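Here is a short note for a colleague who is opening this entry for the first time. The points go from one residue and its surroundings outward to the whole chain.

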Amino acid sequence: MLTFFALILFLILFPAFAENVESAFTEDFDGWGNWKSANSVVQFVHDPDVGRTDPGSLSIILGAGHPDEKSVCFLRRLVVEPSKTYTGLVFVKTEGVNDDATISLGFQGQDAKGNFLGTGVQSTRIKGRLVKSGEWKRLVYTIRVPDTGKWQNVGRLLCTVGISHSEKGQVWFDDFQFFLNP
Ligand SMILES: [Ca+2]
């Protein structure tokens, strides 16, 4: 019974804790969807062999004829509460992408039903030339969720991890984490 009350107290004190997300992609896409610009030539795959700490990662393969300015990404909705601060991070690896490729981790506001709020995207990016072949680089972004203006009805962050400005190559994503800042 004491354990039960301790659990209730924990849930009251840390209501958003249950929404923390970790994706190691050991088995599959772990609930991540994807999005691509029109005319993109791309494959979204789960790579069971490549991984940072453990095998398994998400990967985007840009195919012949992919227009280099186009954006493609994996995405996942994350439950958040206004006025709270969260940190997201993901590790990225590339093979054969353009030096000017932009690999990004971004967030935009949605309401509890997943409708866009027109908040624009907040993101961190790294250029392809800075991700050397075979090396994992970390992208990290901390966001305080506003509670006014366009963010008034926020209930979700749409998280995107993706690539633009490359017409060739492959990028992997692994060891994603999203958590409420203490
Ligand atoms: Ca992994």
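1. Start at L78. Leaving out residues up to four places away in sequence, L78 touches E19, V21, R156, L157, C159 and F178. L78 is found in strand β5. The model is a predicted one, and every value in this note is to be read with that in mind.

2. Is L78 buried, exposed or partly exposed? L78 has 16 other C-beta atoms within 10 Å. A residue needs 20 or more to count as buried and 12 or fewer to count as exposed, so L78 is partly exposed. Its C-alpha atom lies 9.5 Å from that of Q110, a residue 32 positions away in sequence.

3. Across the strand pair, L78 stands opposite L157 in β10. Strand β5 covers residues 72-79 and strand β10 covers residues 156-164. The two pair in the antiparallel sense, over eight bridges. C73 also has a position opposite β10, where G162 faces it.

4. Strand β5 pairs with β2 as well: four bridges join β2 to β5, and the two run antiparallel. In this pair, G33 stands opposite L75 in β5.

5. These pairs belong to an open sheet of five strands with antiparallel pairing. Which order do the strands take? The order is β2-β5-β10-β7-β8. At the edges are β2 (33-36) and β8 (122-127), each of which pairs on one side only. On average, neighbouring strands of this sheet are turned by 20 degrees against each other, direction ignored. As background, strands of a sheet pair through backbone hydrogen bonds, either parallel or antiparallel.

6. Further pairing involves β4. Strand β3 (residues 42-47) is joined to β4 by six bridges, and the two run antiparallel. Within this pair, the bridge partner of H46 in β4 is L58. Strand β4 is also joined to β11 by five bridges, again antiparallel, with I61 opposite Q170 in β11.

7. Turn next to the interior. Which members of the largest nonpolar core touch the most other members? They are V90, V92, I163, V171 and F173, in a core of 32 residues. The elements that give two or more residues to this core are β4 (57-62), β5, β6, β7 (102-110), β9 (137-144), β10 and β11 (169-180). In soluble globular proteins, nonpolar side chains tend to be buried together.

8. I163 can be followed in more detail. Not counting residues up to four places away in sequence, I163 touches I60, V72, V97, A101, T102, I103 and V171. The C-alpha atoms of I163 and G65 are separated by 16 Å, with their positions 98 residues apart along the chain. G65 is found in the loop between β4 and β5. G65 has 10 other C-beta atoms within 10 Å and is exposed.

9. Two loop residues deserve a look at their backbone angles. Most residues other than glycine have a negative phi. D30 has a phi near 50 degrees, a positive value in a residue other than glycine. D30 lies in the loop between β1 (21-23) and β2, and is partly exposed, with 16 other C-beta atoms within 10 Å.

10. The second of these is S83, which has a positive phi of about 70 degrees although it is not a glycine. S83 lies in the loop between β5 and β6 (85-95). Is S83 exposed or buried? S83 counts as exposed, because it has 12 C-beta neighbours inside 10 Å.

11. For the chain as a whole, the protein has one helix and eleven strands. Along the sequence the helix is followed by the strands, in the pattern α-β-β-β-β-β-β-β-β-β-β-β. Of the contacts with a separation of 6 or more, 77% are between residues 24 or more positions apart.

12. Last come the overall dimensions. The C-alpha trace spans about 60 × 40 × 25 Å along its principal axes. For 182 residues, a compact globule would have a radius of gyration near 16 Å, and the protein has 18 Å, which agrees. Of the 182 residues, 27% count as buried.

Notes: Residues numbered from 1 in each chain as written. Predicted model: local features only at pLDDT ≥ 70, side-chain atom pairs only at ≥ 80, totals over all residues. Pairing = 2+ DSSP bridges. Axes fitted to C-alpha atoms, helices over the stretch in contact; angles between N-to-C directions. Core = buried A, V, L, I, M, F, W, Y, C linked by C-beta atoms within 7 Å. Contact = placed C-beta atoms within 7 Å. Rg over C-alpha atoms; globule rule 2.2 N^0.38 Å.
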